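Me: I should like to learn how to read the structure shown here. May we proceed feature by feature, with the general idea before the particular case?

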Amino acid sequence: MMSIFLVLVAVMLSLAAAGAIFRIARGPSILDRVLAADVLLTIVGAALATEMIVERNLDYLALLVSISLIGFIGSVTVARFVTDRR
């Protein structure tokens with residue numbers, strides 16, 4: 001039963017990552033590309049969290065926190081940059 005859910009989660013994360021990469025490549029504006037990059041970081045974090053749940057360890061916890069902080073700081077920085085230009 002667990003392997004079915006693991007395959008389902010892997011397929012969903014792969015499709016979401018493919019959509020985010022497509023948006024990064026074809027996004028009409030820089031904001032679309034930044035948002036897609038943030039979504040891609042979130043997907044990577046979800047994949048790390050899934051792997052930690054399946055393996056029942058906390059080996060990647062520091063990496064997960066780092067990815068989350070980088071995504072947050074990057075999004076806030078771009079949002080501030082865009083509001084300053086308007």
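Reply: Certainly. Please keep in mind that this is a predicted model. A useful beginning is the share of contacts that join distant parts of the sequence. In the protein chain, among contacts with a separation of 6 or more, 38% are between residues 24 or more positions apart.

Me: Which pattern does the protein chain follow along the sequence?

Reply: The pattern is α-α-α. The protein chain has three helices and zero strands.

Me: How should I judge the overall dimensions?

Reply: One may set the radius of gyration beside the value for a compact globule. For 86 residues such a globule would have a radius near 12 Å, whereas the protein chain has 15 Å. Along the principal axes, the C-alpha atoms fill a box of roughly 50 × 25 × 15 Å.

Me: What percentage of the 86 residues is buried, and what does the surface consist of?

Reply: Buried residues amount to 14% of the 86 in the protein chain. The chain exposes about 6,500 Å², and 72% of that area is supplied by carbon and sulfur atoms.

Me: How does one check the length of a helix?

Reply: The distance between the end C-alpha atoms is compared with the span expected at 1.5 Å a residue. H2 has 26 residues and should therefore span 38 Å; its end C-alpha atoms are 37 Å apart, which agrees. H3, with 25 residues, reaches 37 Å from its first C-alpha to its last, close to the expected 36 Å.

Me: Which residues of H2 are buried, and what covers them?

Reply: They are Ala-36, Ile-43, Gly-45, Leu-48 and Met-52. Their cover includes helix H1 (2–26) and H3. A general point helps in reading such a list: an α-helix has 3.6 residues a turn, so residues three or four places apart point the same way.

Me: What is the corresponding account for H3?

Reply: In H3, the residues Leu-64, Ile-67, Gly-71 and Val-82 are buried. H2 is included in what covers the buried residues of H3.

Me: Is Leu-35 buried or exposed?

Reply: Leu-35 belongs to helix H2. Leu-35 counts as exposed because its relative accessibility is 54%, and the cut-off for that class is over 50%. Its C-alpha atom is separated by 12 Å from that of Gly-19, a residue 16 positions away along the chain.

Me: How does Val-54 compare with these classes, and what does Val-54 touch?

Reply: Val-54 also lies in helix H2. With a relative accessible area of 32%, Val-54 is partly exposed. Apart from neighbours within four places in sequence, Val-54 is in contact with Met-2 and Leu-6. A further pairing concerns Ser-3: Val-54 and Ser-3 are 51 residues apart in sequence, yet their C-alpha atoms are 9.6 Å apart in space.

Me: What should I look for in a backbone angle such as phi?

Reply: The sign is the first thing to read. Most residues other than glycine have a negative phi. Here H2 is followed by Arg-56, with a positive phi; the angle is near 55°, in a residue other than glycine.

Me: Where is Arg-56 placed, and is Arg-56 buried or exposed?

Reply: Arg-56 is in the loop between helix H2 (30–55) and helix H3 (61–85). Its relative accessible area is 77%, so Arg-56 is exposed.

Me: Where does Leu-58 lie, and is Leu-58 buried or exposed?

Reply: Leu-58 lies in the loop between H2 and H3. Leu-58 is exposed, with a relative accessible area of 64%. The C-alpha atoms of Leu-58 and Leu-48 are separated by 9.9 Å, and these two residues are 10 apart along the chain.

Me: Which residues form the nonpolar patch on the surface?

Reply: A patch is read as a group rather than residue by residue. Leu-58, Leu-61, Val-65, Leu-69, Phe-72, Ile-73 and Val-76 form the nonpolar patch, and together they have about 670 Å² of accessible area.

Definitions and conventions: Residues numbered from 1 in each chain as written. Predicted model: local features only at pLDDT ≥ 70, side-chain atom pairs only at ≥ 80, totals over all residues. Heavy atoms only, no water. Helix = DSSP H or I, 4+ residues; strand = E, 2+ residues; numbered from the N terminus. Buried < 20%, exposed > 50% of the residue type's maximum accessible area, 1.4 Å probe, protein only. Expected span 1.5 Å × (residues − 1). Contact = heavy atoms within 4.5 Å. Patch = residues over 30% accessible without salt bridge, like charges linked within 9 Å, V, L, I, M, F, W, Y side chains within 5 Å. Areas by Shrake-Rupley, 256 points an atom, 1.4 Å probe, with all protein chains shown as cover. Salt bridge = Lys/Arg side-chain N within 4 Å of Asp/Glu carboxyl O. Rg over C-alpha atoms; globule rule 2.2 N^0.38 Å.
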